[in-house]
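Student: I would like a close look at one part of this model, the surroundings of the ligand, and then at how that part connects to the rest of the chain. Please take it slowly and keep to what can be read from the coordinates.

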Amino acid sequence: MGEPMVRFENVAKRYGALTVLDDLNLDIARNEKVCIIGPSGSGKTTVLRMLMTLERIDGGVIWVDGEPLTHMQKNGQMVPASDRHLRRVRGKIGMVFQHFNLFPHMT
Ligand SMILES: Nc1ncnc2c1ncn2[C@@H]1O[C@H](COP(=O)(O)OP(=O)(O)OP(=O)(O)O)[C@@H](O)[C@H]1O
Ligand SMILES: [Mg+2]
């Protein structure tokens, strides 16, 4: 099995009083392909936005390739990630949009 490529560990996400994700645990193995299916508003896009660091999380830890994305080690403690740490780990993640709005002049 080895280390999961992506791990959501007890992740929580809230918008004000609305809890969108409560204690999400999800492991995705290297080379595994995953579809996220669920009703509109159930939090599918939010999961992807958190992985892209476009949303901060309110609890838990997201791991990428065995290292924390949302957190970093400092003096033996897990502390929230600095912008520098986020940029470095995010460099391992790519996202393809459903519509090709970024480069309309390319096929
Ligand atoms: N920026 C925001 N501020 C407040 N609430 C938000 C915000 N973004 C998302 N939400 C709420 O979080 C919940 C999850 O939204 P999300 O977009 O992740 O759902 P989804 O599963 O992707 O839905 P769809 O199938 O319609 O794309 C919804 O109730 C939505 O209204
Ligand atoms: Mg969506």
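Tutor: What follows begins at the ligand and works outward through the neighbouring elements.

The model is a predicted one, and the description below should be read in that light. The shell around ligand 1 consists of Tyr15, Leu18, Val20, Pro39, Ser40, Gly41, Ser42, Gly43, Lys44, Thr45 and Thr46. Sorted by class, this shell holds 4 nonpolar, 6 polar and 1 charged residues. Two elements, strand S2 (18-28) and helix H1 (44-51), each provide at least two residues of the shell, and the largest share, 3 residues, is that of H1.

Within this shell, polar atoms of the protein can be paired with oxygen atoms of the ligand. The side chain of Thr46 has an N or O atom 2.6 Å from an oxygen atom of ligand 1, while for the side chain of Thr45 the corresponding distance to an oxygen atom of ligand 1 is 2.8 Å. At Ser42 the backbone takes part, with an N or O atom lying 3.3 Å from an oxygen atom of ligand 1. Taken alone, ligand 1 has 640 Å² of accessible area, of which the protein covers 55%.

Thr46 also leads away from the ligand, since one of the residues in contact with Lys13 is Thr46. Lys13 belongs to strand S1 (residues 6-15), and with a relative accessible area of 4%, which is under the 20% limit, Lys13 counts as buried. Leaving aside neighbours within four places in sequence, the contacts of Lys13 are Leu18, Thr19, Val20, Leu21, Thr46, Met50, Glu55, Arg56 and Asp58; Leu18 and Val20, which appear in that list, are also among the residues around ligand 1. A link across a longer stretch of sequence is seen in the C-alpha atoms of Lys13 and Ile57, which are 44 residues apart along the chain and are separated by 5.3 Å.

The side chain of Lys13 has a polar partner in the side chain of Glu55, at 3.5 Å. Glu55 sits in the loop between H1 and strand S3 (59-64), and its relative accessibility of 18% is under 20%, so Glu55 is classed as buried. Besides the contact with Lys13, the side chain of Glu55 makes a polar contact of 3.1 Å with the side chain of Arg49. Beyond four places in sequence, Glu55 is in contact with Lys13, Tyr15, Arg49 and Met50, and Tyr15 is again one of the residues around ligand 1.

The strands named so far can now be placed in their sheet. Strands pair through backbone hydrogen bonds, in a parallel or an antiparallel sense. Here 4 strands form an open sheet in the order S2-S1-S3-S4, with antiparallel pairing. Its edges are S2 and strand S4 (67-68), each of which pairs on one side only. S3 and S4 are joined in the antiparallel sense over 2 bridges, and in this pairing Val64 has Glu67 of S4 as its bridge partner.

Glu67 in turn opens the way to another region, being one of the residues in contact with His85. His85 lies in helix H2 (residues 83-90) and is buried, with a relative accessible area of 9%. When neighbours within four places in sequence are left aside, His85 is in contact with Glu67, Pro68, Leu69, His71 and Met72, and the side chain of His85 reaches the backbone oxygen of His71 at 3.0 Å. Met72 has Val79 of S6 as its bridge partner, within the antiparallel pairing of strand S5 (residues 71-74) and strand S6 (residues 77-80), which are joined by 4 bridges. The hairpin of S5 and S6 has 2 residues between the strands, and Asn75 there takes a positive phi near 50 degrees.

For the chain as a whole, there are 2 helices and 6 strands, which run β-β-α-β-β-β-β-α from the N terminus on. Of the 107 residues, 31% count as buried, and the exposed area is about 7900 Å², with carbon and sulfur atoms supplying 54% of it. Among contacts with a separation of 6 or more, 42% are between residues 24 or more positions apart. Along its principal axes, the C-alpha trace spans about 50 × 30 × 30 Å.

Key: Residues numbered from 1 in each chain as written. Chains lettered and ligands numbered in written order. Predicted model: local features only at pLDDT ≥ 70, side-chain atom pairs only at ≥ 80, totals over all residues. Heavy atoms only, no water. Near = heavy atom within 4 Å. Polar contact = N/O pair within 3.5 Å; in protein donor to acceptor, adjacent residues only side chain to side chain. Areas by Shrake-Rupley, 256 points an atom, 1.4 Å probe, with all protein chains shown as cover. Nonpolar A, V, L, I, M, F, W, Y, C, P; charged D, E, K, R; others polar. Buried < 20%, exposed > 50% of the residue type's maximum accessible area, 1.4 Å probe, protein only. Contact = heavy atoms within 4.5 Å. Pairing = 2+ DSSP bridges.
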